[in-house]
Every structure is written in C-alpha cells, then in structure tokens.
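Trainee: Could you take me on a close look at the empty space in this model, and at the packing around it? I would like one connected account rather than a list.

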Amino acid sequence: MQVHDKLYINGQWTAPAGSKSIDVINAATEEVMGRIPEGVQADIDAAVAAARAAFESWSATSPAERAAYLSKIQEGLKARTDEISRLIAGEVGMPLKLAGMIQVGSPTAIFGLYAKLLGSFGFEEKVGTSLVIREPVGVVGAITPWNYPLHQIAAKVAPALAAGCTVVLKPSEVAPLNAFALAEIIHAAGLPAGVFNLVTGYGPVVGEALVKHPEVDMVSFTGSTRAGKRVSELASGTVKKVALELGGKSASVILDDADLAAAVKGTINACFLNSGQTCSAHTRMLVPESKYEEAAKLALELTKGFSVGDPFGGQAKLGPLASAAQRERVRNYINKGMEEGAELLAGGPDAPEGLAKGYYVKPTVFGKVNPNSTIAQEEIFGPVLSIIAYKDEDEAVRIANGTPYGLAGGVWSKDEERAKKVAKRIRAGQVDINGGPFNLQAPFGGFKQSGNGRELGRFGLDEFLEYKSLQLKPQG
Ligand code: NAD
C-alpha cells in the first residue's frame, strides 16, 4: 500500500489545500493499493504560480544543461524499473514482464531520446534577412490518461522540459502512483524548483482548473475525445495553444495479396496488446470477401492463445482491464455487438473462467461486422476485434476512413509499394506497413477527432516551441 499525502509543487513535497484523497485500486485484486491527494483549484494555482516563476530562468538555460537533467531522469527511471513496473502492472493490469518492457522501457527511452536530440536540434535558422528563433511556449499544463500512464507523461514532460518550458502535470486518477515515482526521480535529479510540478485529482476539478488558468500558455492533453472537446472549449477562453491526443478506431487493411497468416497475427497482436486499452489498437480487421472464412478461422485459433490471468503470475498474455468502469463499458459493447447481429466468433461478455475477481474480460472476436454498427464505429478500449469483409480496395479505404477517428492503422500486402499507396489514402496519423514496428522518433498523433497534436521525436519537441522572427537590418 503506497500512501501519498503531498503534492510536488515548487520543488517541494507540499501539503494539498484540500483534505480529501483518492484510492488507487489494483486491477487484478480489486483491493486498494495506494492513496493520493484529491487536489483542488488552490493546488493548481500554487503549481502554476511556481511554474510561471521558474520559467524565465529555465527557458534561458542552454540545451546542453537541459539535456544533462533529462539524462539524469532517464538514469533515475532505469534504476527504478522493477519497482515502477510493479506499480503499473498493479494499477493498469498489464502483465509484469510486458509492463517492464513497454510501460517503463518506453518512458525511459523517451527521456534519453530528448536528451540526445538537444545535441543537434536547430533552435535558430537564418531565413532571408531574418533570424528565426524557436522559443519555448511557456508554462505547460499536461493532462494524461491511465492506459500507458508513464509513457504518456514522458511523451509530454520530456519534450516540454527539453524545449525550455515549465510543467504542471495532472496524471490520471486511475493510475497515478507512477507519476509520484517520476516526481521523486525528478527531485533527485536536482531540477530547479518550479520547473516540474505534480498535482493529482479529478479531471473536471483540477484538470479543468489547469486548462482554464490564464497563466498556462499551453495544454497538452491525452485522453478521450469527449474530454478533449471539453478541453478545447475551456482553453479557448484564454486562447492558449492546445495539443490533443485522443481516441481511435484504427483499421488493419489486409489486401488480397498479403501473407494472410502473418497479417491476421499482426492485427490481433495490435488489437489485444494491453487488453485492447491502446489508443492506436487495430480494432477493425478489413479482409477481402474471398479471404473472409480463412481469416476468421485464423483469428479464432490465434485468440485461443491469448491466455488471460494474473499480471504477476508470469504466464498470462493479457491481464485485467484497468477499472470496474472500463470492464463494464467493454462488456456493454460486447452485448451491443451481439444485439446488432455481429457473429460472435470468440470470447463474449462473461468473465473468463476462474477469474470472477479482478476486472478481467475475455478476448473477443466478432465476424461479419457491419462497418456502420456501433462496435465498428465507437472506441471500445478493450480486447474486442471486429472482422469486416470488403469487396475491393476502394471499399476497403472507404471503410477504413469511415469513422470519426483517424489515429492509426495498418496495411498488409506482399507488394510494399502497393501497401504504401493504400496507406497514403488512409486519413490517419500513423499507418504500419506489414507490421512495421513502433518508432519513438516518428510523429504520433491523430487526424479528425483523434486529435491535432504530434508527439515523439523532433515533431514532439516542435509542439512546445513558438517561432520568433528577428528582423535584421541587411548589411551594406
Ligand atoms: P479521459 O479522457 O477520461 O481522461 C484523461 C485525462 O483527462 C485524465 O487525467 C482525466 O482526469 C482528465 N480529464 C477528464 N475530464 C477532464 C476535463 N473535463 N477537463 C480536463 N481534464 C479532464 O481518458 P482515459 O479514460 O483516462 O483514457 C482513455 C482514452 O485516452 C481513450 O479514449 C484513448 O484512446 C485515449 N488515449 C489517446 C492516446 C493518444 O495518444 N491519442 C493515447 C492514450 C490514450
């Protein structure tokens, strides 16, 4: 049981202004595993004031100085990998080994990536007679979700600090313990007071206070499209910059010449990772009509291999979902799919055998899904795959683009050039060609209602920078 009764504000562990707390629940046991402060407006005010006061000197540090801090944070995360992996496996439910590799490995790498990038990033450029300078946006409010909690924090905090911004972080109330570990690491790295601040609490209270705050220059938000719309509305009051990373309903388009077994396997892996609680999950598998039966059979067989169980047991491929609310939501969608006439090929709404406790659901595959039905249109955020048959390539592209989202996707073909052509027609920010791997140096973000920001690599650093032109008087 990890109890935190202080917030990290102005370089110090500070008593919160309110007296309430929030319980953090272990996804597998349903027991309380931690407690954090339920922040209030006054905590946000204090944190923003600290970030504002720290901005002038932090923004004037050299890229090399900032890189040295980021490297120290990277080392701190590395040293605490085992402990933080256990925290996230408990909070989110991802199997421990995977949690170590992904949930801690990725954020550690992100801090390293930005430390390195600062060595070569061009903050100044001569354009005609002007000197164009990249300057930090200012005070950043970072609001993050629970599914890859520390990855999403790192994807904001590392580039914001690299840019010379100061930060107030409001992590998810569902998986916040890892953020306290990060704050401890940042403190130990000796970051100047006020440069990084942590305030926990509920979105509609502290999240909204941060978004509305006139002294916050930019909000970087990752979460649901519903909350993202609210953030946009509230931020407009002070015309602050807003970067949104929102939901998805990504399609994996398997073309008729693809290696079907590899494509189905790749799609299912990209759908079920983290029990489907991945914004870029490939939740719609589009197959040519002529290959439908074979693809459905392969999907059914592969799904049997996705054992569900204790994230700390070492055997299970899938752990529980993160919360009771999430389990409820996913079960409702599975019921909805059955009501709407999709063919249930695997899984279903009942708890997996022997797992009545913990927020477990069965990996579920629906066949013959109507592309306009609810389960093919809305983000489920659970291990639920919809197989959709298409007539020809144009129809496949139309279906792939036929939701309000546009975050990610995949295209499978023996002919890489053909796959690339189809990928270019998909209105989404990231498309995997034949299962191409996730790359921290490439931009990640959405088209349409999946958002408007880009994270990771140098593109993620750009988000936290403004342009300034110095108009020089031509010589001679
Ligand atoms: P959520 O929108 O409920 O919450 C996300 C964060 O926003 C939390 O910290 C929450 O407290 C806060 N929040 C909620 N309402 C708010 C409000 N009115 N004002 C300000 N802050 C508010 O999302 P979630 O359930 O934590 O996460 C799952 C969602 O996140 C899914 O839709 C998923 O697709 C999306 N997601 C997107 C990406 C991406 O990069 N595009 C990555 C991961 C998750």
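Mentor: Happy to; what follows goes from the open pockets to the enclosed cavities, then to the nonpolar cores and a few single residues. Keep in mind throughout that this is a predicted model.

Let's begin with the pockets. The largest pocket holds about 1100 Å³ of space. Its lining is made of 42 residues, and those nearest its centre are Phe221, Gly223, Ser224, Arg226 and Ala227. If you want to find the walls by element, look at α7 (203-212), β11 (218-222), α8 (225-236) and α11 (324-339), each of which supplies at least two lining residues. Helix α8 gives the most, with six residues. By class, the lining of this largest pocket divides into 18 nonpolar, 15 polar and nine charged residues.

The second largest pocket has about 670 Å³ of space. Here 29 residues form the lining, with Leu273, Thr278, Ser280, Gln430 and Phe438 nearest the centre. Two or more lining residues come from each of α4 (96-117), α5, α9 (260-272), β18 (408-412) and β19 (430-433). The class split for the second largest pocket is 13 nonpolar, 13 polar and three charged.

Now for the enclosed space. Rolling a probe the size of a water molecule over the atoms shows where empty space is left. There are four cavities of 30 Å³ or more in this structure. The largest cavity has a volume of about 70 Å³. It is lined by 13 residues, and Arg284, Ala400, Tyr405, Gly406 and Ala408 lie nearest its centre. Seven of the residues lining the largest cavity are nonpolar, three are polar and three are charged.

The second largest cavity contains about 50 Å³ of space. Its lining includes Ala155, Ser220, Ala243 and Glu245, and also a run of neighbours in Gly453, Arg454, Glu455 and Leu456. Gly460, Glu463 and Phe464 belong to that lining too. In class terms, the second largest cavity is lined by four nonpolar, three polar and four charged residues.

From empty space we can turn to filled space. In soluble globular proteins, nonpolar side chains tend to be buried together. In this model, the largest nonpolar core has 69 residues, of which Leu70, Ile73, Phe111, Tyr114, Leu161 and Phe196 touch the most other members. Helix α5 (residues 149-163) provides the largest share of this core, 10 residues. Phe196 makes a good place to zoom in: leaving aside neighbours within four places in sequence, Phe196 is in contact with Tyr8, Val157, Val167, Leu169, Ala183, Ile186 and Leu191. A second core, separate from this one, has 30 residues, among them Val361, Val384, Ile388 and Ala396.

Two threonines are worth a closer view. Thr200 sits in the loop between β10 (196-198) and α7. Its relative accessibility is 1%, so Thr200 counts as buried, the cut-off being under 20%. A polar atom of the Thr200 side chain lies 2.8 Å from the backbone oxygen of Pro37. Beyond its neighbours within four places in sequence, Thr200 is in contact with Leu7, Ile36, Pro37, Glu38, Gly39, Pro171, Pro176, Phe180 and Val206.

Thr267, by contrast in setting, lies in helix α9. Thr267 is buried because its relative accessible area is 0%. Its side chain is joined to that of Ser252 by a polar contact of 2.8 Å. With neighbours within four places in sequence set aside, the contacts of Thr267 are Ser252, Ile254, His282, Met285, Leu385 and Trp412.

Finally, two exposed loop residues. Gly237 is in the loop between α8 and β12 (241-245). At 65% relative accessibility, Gly237 counts as exposed, since the cut-off is over 50%. The C-alpha atoms of Gly237 and Pro214 are 8.7 Å apart, while the two residues are 23 apart in sequence. Ser120 belongs to the loop between α4 and β6 (124-127). Its relative accessibility of 59% puts Ser120 in the exposed class as well. Between Ser120 and Lys424 there are 30 Å in space, C-alpha to C-alpha, and the pair is 304 residues apart in sequence.

Conventions
Residues numbered from 1 in each chain as written. Predicted model: local features only at pLDDT ≥ 70, side-chain atom pairs only at ≥ 80, totals over all residues. Heavy atoms only, no water. 1 Å grid on protein atoms, 1.4 Å probe; cavity = no way out; pocket = protein on both sides within 12 Å on 5 of 7 lines; lining within 4 Å. Points joined across faces, edges and corners; volume = space filled by probe spheres on them. Nonpolar A, V, L, I, M, F, W, Y, C, P; charged D, E, K, R; others polar. Core = buried A, V, L, I, M, F, W, Y, C linked by side-chain atoms within 4.5 Å. Buried < 20%, exposed > 50% of the residue type's maximum accessible area, 1.4 Å probe, protein only. Helix = DSSP H or I, 4+ residues; strand = E, 2+ residues; numbered from the N terminus. Contact = heavy atoms within 4.5 Å. Polar contact = N/O pair within 3.5 Å; in protein donor to acceptor, adjacent residues only side chain to side chain.
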